[in-house]
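Here's a quick walk through one protein model and its ligand. Have the structure open and follow along.

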Amino acid sequence: MDLKTWVRPNIWNLKPYSSARSEFKGEASVFLDANENPYNAPYNRYPDPLQWAVKEKISQLKGVPAEQIFLGVGSDEPIDLIYRAFCEPGIDNVVAIDPTYGMYQVCADINNVEYRKVSLDNEFNVDADAVLNAIDTHTKAVFVCSPNNPTGNSLNRAAVERILKSFAGVVVVDEAYIDFSSQPTFLHLLNEYANLVVLQTFSKAWGSAGIRLGMAFASREIIEIFNKIKYPYNINKLTQEHALSMLEKAGQVKEWVTILLQERVRLASELSRLSIVKKVYPSDANFLLVKVDDASAVYRYLVENGIIVRNRNNITLCMGCLRITVGTPEENRLLIEAMTKL
Ligand SMILES: *Cc1c(COP(=O)(O)O)cnc(C)c1O
């Protein structure tokens, strides 16, 4: 991948902001360089702009060098940076599967970048030829999501690899739900494909949606571009501290995932026994896509009973569907109890 031909010229030529903490990184006893208040330690100090301590831990856990990791304010930040790095507003376009996570389109719209949707097939699988046919000379990125939201399935691996091989621009594989999946991650293919960007997040299996921390894994060169255009101190100190403490608790996260996977099986089997449920789609994520007789009526009934699910009735290929997150055993029991009475 000749990155220079893919990055917007203004971004390629950008001289990034140089912060105090990026100019001097070492140890010292007196810091008088950043106009910080000397009182109220430790939050009086600016955080590490490149979050090396957190990245080192993630690197050990994922087997990816720290220089190939970008940390953002949720996965939403790297999604937005992909548009800002590669797509000329009003000229370039991206291609994405449909239905999928809503933020790809929102970021395209904010950046005035054409968003081309390629429908999944009836099994919710990606048609690599259809994706490749939608690509033209102004296509700068392809977004796929596996396991996909809201359909819950993992995409056909061979199809995603074909896209990676046949399109030279950036291919984003969003793995927000990878910890719940029976399929392997695409992280192992980073060395094989210089155009691959894998997204993961602390918001789902890691139980840390509140701290807003997303991960992007890619070539050193792509990560350097993201680092150049991000806000200098994008990840605050509290978030970095919480992430470090969660990374020490990987065993706890595994236990949560084990429980949620058991609950996913139980919830699917109990839901499929209800007469109002027409279909429970197979899931590789921590939610179930469930087709019911009248999705909007079931949704309203559950709200009245204090239970909130996501109504996906108006989404492509998801007519009549609710997206239901797998909760604790007790939460799932309450959902089944309410739906049994309907
Ligand atoms: C939940 C989710 C995310 C997570 O976004 P954050 O900004 O990291 O909270 C990313 N991608 C998909 C497909 C999701 O469903």
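Before we look at packing, one term: two residues are in contact when heavy atoms of theirs lie within 4.5 Å. Keep in mind, too, that this is a predicted model.

With that in hand, start at helix α7, residues 157–166. Its buried residues are A159, V160, E161, I163 and L164. What do they pack against? The buried residues of α7 pack against one helix, α6 (128–134), and three strands: β4 (139–145), β5 (170–174) and β6 (196–201). The N-terminal end of α7 is capped by N156, with a side-chain oxygen of N156 sitting 2.9 Å from the backbone nitrogen of A158.

Just past that helix, have a look at F167, in the loop between α7 and β5. Is F167 buried or exposed? F167 counts as buried because its relative accessibility is 5%, and the cut-off for buried is under 20%. Leaving out residues up to four places away in sequence, F167 touches W6, L132, I135, T139, K140, A141, V142 and N195. For a sense of scale, the C-alpha atoms of F167 and D284 are 27 Å apart, with their positions 117 residues apart along the chain.

Now for the ligand. The shell around the ligand has 13 residues, and the closest are D174, Y177, T201, S203 and K204. Sorted by class, that shell has four nonpolar, five polar and four charged residues. Here are three polar approaches to ligand oxygen atoms:

| Residue | Part of the residue | Distance to a ligand oxygen |
|---|---|---|
| S75 | backbone N or O atom | 2.7 Å |
| T201 | side-chain N or O atom | 2.6 Å |
| S203 | polar side-chain atom | 2.7 Å |

How much of the ligand's own accessible area does the protein cover? On its own the ligand has 390 Å² of accessible area, and the protein covers 94% of that.

Next, helix α4. Nine of the 11 residues of α4 are buried, so you can call this helix mostly covered. The buried ones are D76, E77, P78, I79, L81, I82, Y83, A85 and F86. D76 belongs to this helix, and its side chain makes a polar contact of 3.0 Å with the side chain of Y101. Besides residues up to four places away in sequence, D76 touches Y101, M103 and R212.

The same helix matters for the nonpolar interior. The largest nonpolar core has 88 residues, and Y83, F86 and F143 have the most contacts inside it. Which element gives this core its largest share? That's helix α4 (residues 76–86), with six residues. Y83 has plenty of partners: beyond its neighbours within four places in sequence, Y83 is in contact with R8, V94, Y104, C107, A108, N111, V113, Y115 and F143. Apart from this core lies another one, of 23 residues, and L288, V290, A295 and I324 are among them.

Last stop: K249, in the loop between α9 (237–247) and α10 (250–272). K249 counts as partly exposed because its relative accessibility is 39%, and that class runs between 20% and 50%. From C-alpha to C-alpha, K249 and V298 are 38 Å apart in space, and 49 residues apart in sequence.

Definitions and conventions:
Residues numbered from 1 in each chain as written. Predicted model: local features only at pLDDT ≥ 70, side-chain atom pairs only at ≥ 80, totals over all residues. Heavy atoms only, no water. Near = heavy atom within 4 Å. Polar contact = N/O pair within 3.5 Å; in protein donor to acceptor, adjacent residues only side chain to side chain. Areas by Shrake-Rupley, 256 points an atom, 1.4 Å probe, with all protein chains shown as cover. Nonpolar A, V, L, I, M, F, W, Y, C, P; charged D, E, K, R; others polar. Core = buried A, V, L, I, M, F, W, Y, C linked by side-chain atoms within 4.5 Å. Buried < 20%, exposed > 50% of the residue type's maximum accessible area, 1.4 Å probe, protein only. Helix = DSSP H or I, 4+ residues; strand = E, 2+ residues; numbered from the N terminus.
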